[in-house]
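Biologist: Could you pick one part of this model, take a close look at it, and then tell me how the rest of the chain is laid out around it? Informal is fine, but I'd like the numbers.

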Amino acid sequence: MRDDLMFDVAVVGAGPAGLAFTRSLAGAGLTVAVIEGQDQAALRDPAFDGREIALTHNSIRLLKSLGAWDRIPAQDISDLREARVLDGGSPFALTFDPGGADRLGVLIPNHLIRRALFEVVEDQPGVTLMAGRRVASCAVQGAAPRGRVVLDDGATIRARLIVAADSRFSGVRDQLGVGVEMNRLGRSMMVCRMRHDQAHGHVATEWFDHRQTVALLPVADVDERVSSVVLTLAAPAIADLMRLSPEAFAVEMERRLKGRLTGLELVGTRHAYPLATTWSRRFAGAGFALIGDAAVGMHPVTAHGFNLGLRGQDSLATVLRSARGGDIGAERLLARYERDHRLASWPLYQGTNALVRLFTEETPPARLARGAALRAGQATAPFKRVVKRMLTA
């Protein structure tokens with residue numbers, strides 16, 4: 001009979017939130033097990049997954065403090081100098097510029113952020129990486145160490161704290177009995193890079209067209225003529241697009257963009273992701289905490305999910321460091337993280353969902369309302385300041 005493996009913290013999930021959290025605990029004197037289903041080679045050199053991450057200034061500061069920022073190639077970082085929102089066929093645009101700053105934020109391929117975070121965690125003292133391993137069951141109990149995680153190979157981990165960082169469809173969350181508000185939207189998001197005739201000028205565009213939503217994100221490129229195209233449609237329509245040849249796909253995308261970009265050519269691969277939003281009923285309890293998408297799964301339309309995940313892990317790590325050798329699984333301690341992260345998340349979650357509802361309704365009153373909302377937003381300086389603060393902070 002094998003002995004239980006003992007750790008202070010068991011982190012389930014080696015995505016950006018899980019890795020960033022593990023790095024945030026460096027020097028805190030805690031032993032950490034990181035459990036991840038992917039093998040170590042996939043973690044060390046993640047494949048391109050199509051996603052370009054819009055990072056706020058605060059997220060940039062966090063990545064710098066973790067030592068990950070300098071590991072991201074400078075030539076792959078694209079400045080975001082302006083953002084605009086369009087509705088249907090209207091030429092009117094709600095625009096946001098950086099004001100006195102040099103940029104609203106930056107765009108970086110997701111796989112490069114993951115790689116940089118893994119590099120700073122891989123040899124971190126006190127960290128044991130359990131790659132290629134999956135959780136068979138987990139639970140918390142009254143006596144310390146509260147956490148018990150059984151892996152698919154039969155190994156058992158005992159930990160003072162279990163941290164779920166295993167996606168918005170978190171299996172750990174389910175096994176811990178934490179309820180979740182989940183909205184499966186019946187739509188999918190397709191992402192790919194496309195070359196085009198026009199220079200993007202480092203401007204991001206969110207276009208709420210009728211029955212489709214398109215985001216055009218500037219990719220770092222010598223002549224500024226490559227963009228990440230993010231298209232949201234009903235899931236079957238996305239599946240049809242994924243089956244087209246590259247040539248037929250380029251023709252179809254040019255038709256869908258209605259002349260906004262011309263001379264389109266697919267660069268690399270296409271990727272499709274089903275859309276669902278999630279809000280966990282609890283973010284923490286005695287012996288456990290949820291971070292990243294396991295806590296809040298945001299709709300991607302406002303690009304807040306990744307930044308919120310980085311902020312949440314930092315909040316939890318700060319709370320644990322404050323314990324100074326005390327009980328890191330204590331419910332009273334973890335309640336501070338729960339309160340802080342809910343206060344940060346709730347307005348963004350509800351506001352984003354309301355925005356999606358407004359701009360995807362196809363009734364005549366809804367179309368009138370969103371046109372009026374864009375014009376009112378452009379004319380209201382306090383509103384623009386609040387939104388810009390949300391985009392950049």
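Modeller: Let me fix one term before anything else: a residue counts as buried when its relative accessible area is under 20%, and as exposed when it is over 50%. Keep in mind too that this is a predicted model.

With that cut-off, helix 4 is mostly covered, with 10 of its 13 residues buried. Those ten are Asn110, His111, Leu112, Ile113, Arg114, Ala116, Leu117, Phe118, Val120 and Val121. The geometry is ordinary for a helix: residues 110–122 should span 18 Å at 1.5 Å a residue, and the end C-alpha atoms are 18 Å apart, which agrees.

Who comes up to this helix from elsewhere in the chain? Ile113 is one of the contacts of Leu55, whose list, leaving aside neighbours within four places in sequence, also has Ile60, Leu63, Trp69, Gly105, Val106, Ile108, Phe306 and Asn307. Leu55 is itself among the residues with the most contacts inside the largest nonpolar core, a set of 78 residues; the others named there are Val9, Phe21, Trp69, Ile108, Leu316 and Leu320. A second core, separate from that one, has 20 residues, including Leu241, Met253, Leu261 and Leu266.

Two loop residues give you distances to helix 4 as well. Asp70, in the loop between helix 3 (57–65) and strand 4 (78–80), is 46 residues from Ala116 in sequence but 8.3 Å from Ala116 in space, C-alpha to C-alpha. Unlike the buried Ala116, Asp70 is exposed, with 74% relative accessibility. Ala47 sits in the loop between helix 2 (40–44) and strand 3 (52–55), and it is exposed too, at 62% relative accessible area. Ala47 and Glu119 are separated by 72 residues in sequence and by 15 Å from C-alpha to C-alpha.

Val9, from that 78-residue core, leads us to strand 1 (residues 5–12). Of its 8 residues, 6 are buried, so the strand is largely enclosed by the rest of the structure. Strand 1 runs parallel to strand 11 (residues 156–164), joined by 7 bridges, and Met6 has Arg158 as its bridge partner there. Strand 1 also pairs with strand 2 (residues 32–36), again in the parallel sense, over 4 bridges. In that pairing Val9 stands opposite Val32. From strand 1 the chain passes through helix 1 (residues 16–24) to reach strand 2, making a right-handed β-α-β crossover.

Now for the second core. Met253, one of its residues, is also a buried residue of helix 7, along with Phe249, Ala250, Glu252, Arg256 and Leu257. Looking down the axis of helix 7, these buried residues fall within an arc of 170°, so they line one face. The opposite face carries exposed Glu247, Val251 and Arg255. As general background, an α-helix has 3.6 residues a turn, so residues three or four places apart point the same way. The buried side of helix 7 packs against strands 12, 13, 14, 15 and 16, and against helix 6 (235–243). Lys258 follows helix 7, and its phi is positive, near 50°.

Strands 12 to 16 turn up again in an open sheet of 8 strands, ordered 6-5-13-14-15-12-16-19 with mixed pairing. Strand 6 (93–96) and strand 19 (296–297) are at the edges with a single partner strand each, so one side of each has no neighbour in the sheet. Inside the order, strand 5 (residues 82–87) runs parallel to strand 13 over 6 bridges, with Arg84 opposite Thr205.

Two more backbone spots are worth a look. His202, in the loop between strand 12 and strand 13, has a positive phi near 60° and is buried at 9% relative accessibility. Arg324, in the loop between helix 8 and helix 9 (331–360), has a positive phi near 50°, but it is exposed at 77%. For context, most residues other than glycine have a negative phi.

Last stop is helix 8 (residues 305–322), which holds Ser315. Ser315 counts as buried at 17% relative accessibility, and beyond four places in sequence it touches Tyr337 and Asp340.

Methods:
Residues are numbered from 1 along each chain as its sequence is written. This is a predicted model: local features need pLDDT of at least 70, side-chain atom pairs count only at pLDDT 80 or more; totals for chains, interfaces and linings use all residues. Side-chain values use heavy atoms; hydrogens and water are left out. Buried means under 20% relative accessible area, exposed over 50%, partly exposed in between (1.4 Å probe, protein chains only). The arc is that of the directions from the helix axis to the C-beta atoms. Contact means heavy atoms within 4.5 Å. A nonpolar core is a set of buried Ala, Val, Leu, Ile, Met, Phe, Trp, Tyr and Cys residues joined through side-chain atoms within 4.5 Å. Two strands pair if DSSP finds at least two bridges between them. A crossover is right-handed if, with the strands pointing away from the viewer, the path from the first strand over the helix to the second runs clockwise. The expected span of a helix is 1.5 Å times one less than its number of residues.
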